[in-house]
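Q: I'd like a close look at a single part of this protein, and then at how the rest is arranged around it. Please take me through it slowly, as you would at the bench.

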Amino acid sequence: MKIGILTYHFAINYGAVLQCYALQQYLRSKGHYVEVINFVPKNYSRKRFWENNDLRHQIIIGVKKMLLKLRYSLEMRRSFNDFVSHRLFLSEPVGYENFSSVIDKYDAVITGSDQVWGPSRWDDLCYFFDNTPSFQGRKISYAPCCAVNRAKSIKKRADIASLLLDFHSISVRNLETRDFVFDLIGKKVQIVSDPTLLYDFGQLTDGVQPLVKGKYILVYVLGGDINGGNEEAIELIKKHTGVSNVVAVVLTENAPKFFDWATKVFYCASPTDWVVLFKYASFVYTDSFHGVMFSMKNVKPFVTYYKEKDRASRFIDLKQRYGLNNVVTNLNELTNCLANGDDSIHYIDRMCDDIEQSKIFLQKSLS
């Protein structure tokens, strides 16, 4: 079957690029011909995660972050562009003028994963397959996320509902998005695993040596500090694990940050470097959904926290569905989490079952 993947493959974001690569590789392993549809929406903008500080402090930090970006972001963009051009099987460039005609050549098009159904996409409905009147193939969603469920107040509620009803099969990434779909079309759809859990990434990491010698705590943070401070959180983790080496990865293009307390900071790590760093980490501290995914898939002890309201739902969902006690919001909760020990083992069976059910969903949707 000839399959197109419609997602945020172009984003300077580790999770976005790697989930696309994982879905592509998984589908190819099943014998399908797969292309990533090389489309970038006109109104796409990279979100910046700025802390909410007083104005004077914000100005000072803003200048320092701009200098950080000037030094490293070009190299980061190059590393992402290199990964996309060499690792993804891209279609011809697609714009609004030829979107429909390019879509028509596929037997099925899969939209997802990531936040392709988030608020920024509620005016431009391309990820709901708007403006594809002649497409005769299968419209499938695999693990999209809406970020926040505001289905009852969306201006284009009727339009989105109509488009969803035209899908061949629908799956979503979390409870929030399942509620979003239900509120729009009254249908309870399947929650599936993120694509990064479907693929082992051995093609990227086999034979690659660790980038850091010895044991290390890996830090990957996109948003604001945990209540109580990230430096204080790391001190608690160092005391608990006995590991003093702290390695941080910074998404310099979108979320420039300073980690003066880290032993080593990667300011322009490639997507492959990012995967390798998770593979060999001793402990992970993150506020990233895909940071959690790579911690879980590598069975690493980890703690994740959430600060921003529009990013909370995905962590609350993981906490509920997998029974995680290592999803926290402040230092007190972190202290209790560490005292209770690592709970990584108990979620493995549930995660493996979800992965198997997700593979069955794709098989049925494409067979």
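A: Before we zoom in, one term: two residues are in contact here when heavy atoms of theirs lie within 4.5 Å. Also keep in mind that this is a predicted model.

Let's take helix α7 as the part to look at, and start with its helix neighbour. α7 and helix α11, which covers residues 331-340, pack at an angle of about 10°, and their axes are 10 Å apart. With an angle like that, α7 is roughly parallel to α11, because anything under 35 degrees counts as roughly parallel. On the α7 side, the residues that meet α11 are Glu 232, Ala 233, Leu 236, Ile 237 and His 240. Facing them from α11 are Leu 331, Leu 334, Thr 335 and Leu 338. Sorted by class, this contact has 6 nonpolar residues, 2 polar ones and 1 charged one.

Now for the sheet that α7 sits on. Six strands make up this open sheet, in the order β10-β9-β8-β11-β12-β13, and they pair in parallel. Strands β10 (264-266) and β13 (327-328) are at the edges with a single partner strand each, so each has one side without a neighbour in the sheet. Inside the sheet, β8 (residues 217-220) pairs with β9 (residues 246-249) through 4 bridges, in the parallel sense. One such pairing puts Tyr 220 together with Val 249 of β9 as bridge partners. Helix α7 itself, residues 230-241, packs on this sheet and touches β8, β9, β11 (283-286) and β12 (302-305). The direction of α7 makes about 165° with that of β11. So α7 has contacts with α11 as well as with strands of the sheet.

With α7 placed, let's move out to the other sheet. This is an open sheet too, with 7 strands in the order β3-β2-β1-β4-β5-β6-β7 and parallel pairing. Its edge strands are β3 (90-94) and β7 (190-191), and each of them pairs on one side only. Going along the order, β1 (residues 2-6) pairs with β4 in the parallel sense over 4 bridges, and Gly 4 stands opposite Val 109 of β4. Next, β4 (residues 108-111) is joined by 4 bridges to β5 (residues 138-141), again running parallel. In that pairing, Ala 108 has Arg 138 of β5 as its bridge partner. β5 then pairs with β6 (residues 169-172) over 2 bridges, in the parallel sense, and Ser 141 stands opposite Ile 170 of β6.

Two backbone spots around these strands are worth a look. In general, most residues other than glycine have a negative phi, and most peptide bonds are trans. Gly 112 and Ser 113, though, are joined by a cis peptide bond with an omega of about -15°. Ser 113 belongs to the loop between β4 and β5. Ala 147 isn't a glycine, yet its phi is positive, at about 70°. You'll find Ala 147 in the loop between β5 and α4.

That brings us to a second helix pair, to set beside the first. The axes of α4 (residues 157-165) and α5 (residues 175-185) come within 9 Å and cross at roughly 100°. That makes α4 roughly perpendicular to α5. Arg 157, Ile 160, Ala 161, Leu 164 and Leu 165 are the α4 residues in this contact, and Asp 183, Leu 184 and Ile 185 are those from α5. By class, that is 6 nonpolar residues, no polar ones and 2 charged ones.

Last stop, the empty space. Searching the whole structure turns up 1 cavity of 30 Å³ or more, with a volume of about 40 Å³. The residues lining this cavity are Arg 173, Val 192, Ser 193, Asp 194, Leu 197, Phe 289, Met 293, Leu 318, Arg 321 and Tyr 322. Helices α9 (289-297) and α10 (312-322) are the elements that give two or more residues to the lining, and the largest share, 3 residues, comes from α10. The lining divides into 6 nonpolar, 1 polar and 3 charged residues.

Methods:
Residues are numbered from 1 along each chain as its sequence is written. This is a predicted model: local features need pLDDT of at least 70, side-chain atom pairs count only at pLDDT 80 or more; totals for chains, interfaces and linings use all residues. Side-chain values use heavy atoms; hydrogens and water are left out. Axes are lines fitted to C-alpha atoms, for helices over the stretch in contact, and angles run from 0 to 180 degrees between N-to-C directions. Angles under 35 degrees count as roughly parallel, over 145 as roughly antiparallel, 65 to 115 as roughly perpendicular and the rest as oblique. Ala, Val, Leu, Ile, Met, Phe, Trp, Tyr, Cys and Pro count as nonpolar, Asp, Glu, Lys and Arg as charged, and the others, Gly among them, as polar. On a 1 Å grid over the protein atoms alone, a cavity is a set of points where a 1.4 Å probe fits but cannot get out, and a pocket is an open set with protein on both sides within 12 Å along at least five of seven lines; lining residues have an atom within 4 Å of a point. Grid points are joined across faces, edges and corners, and a volume is the space filled by probe spheres set on the points. Two strands pair if DSSP finds at least two bridges between them.
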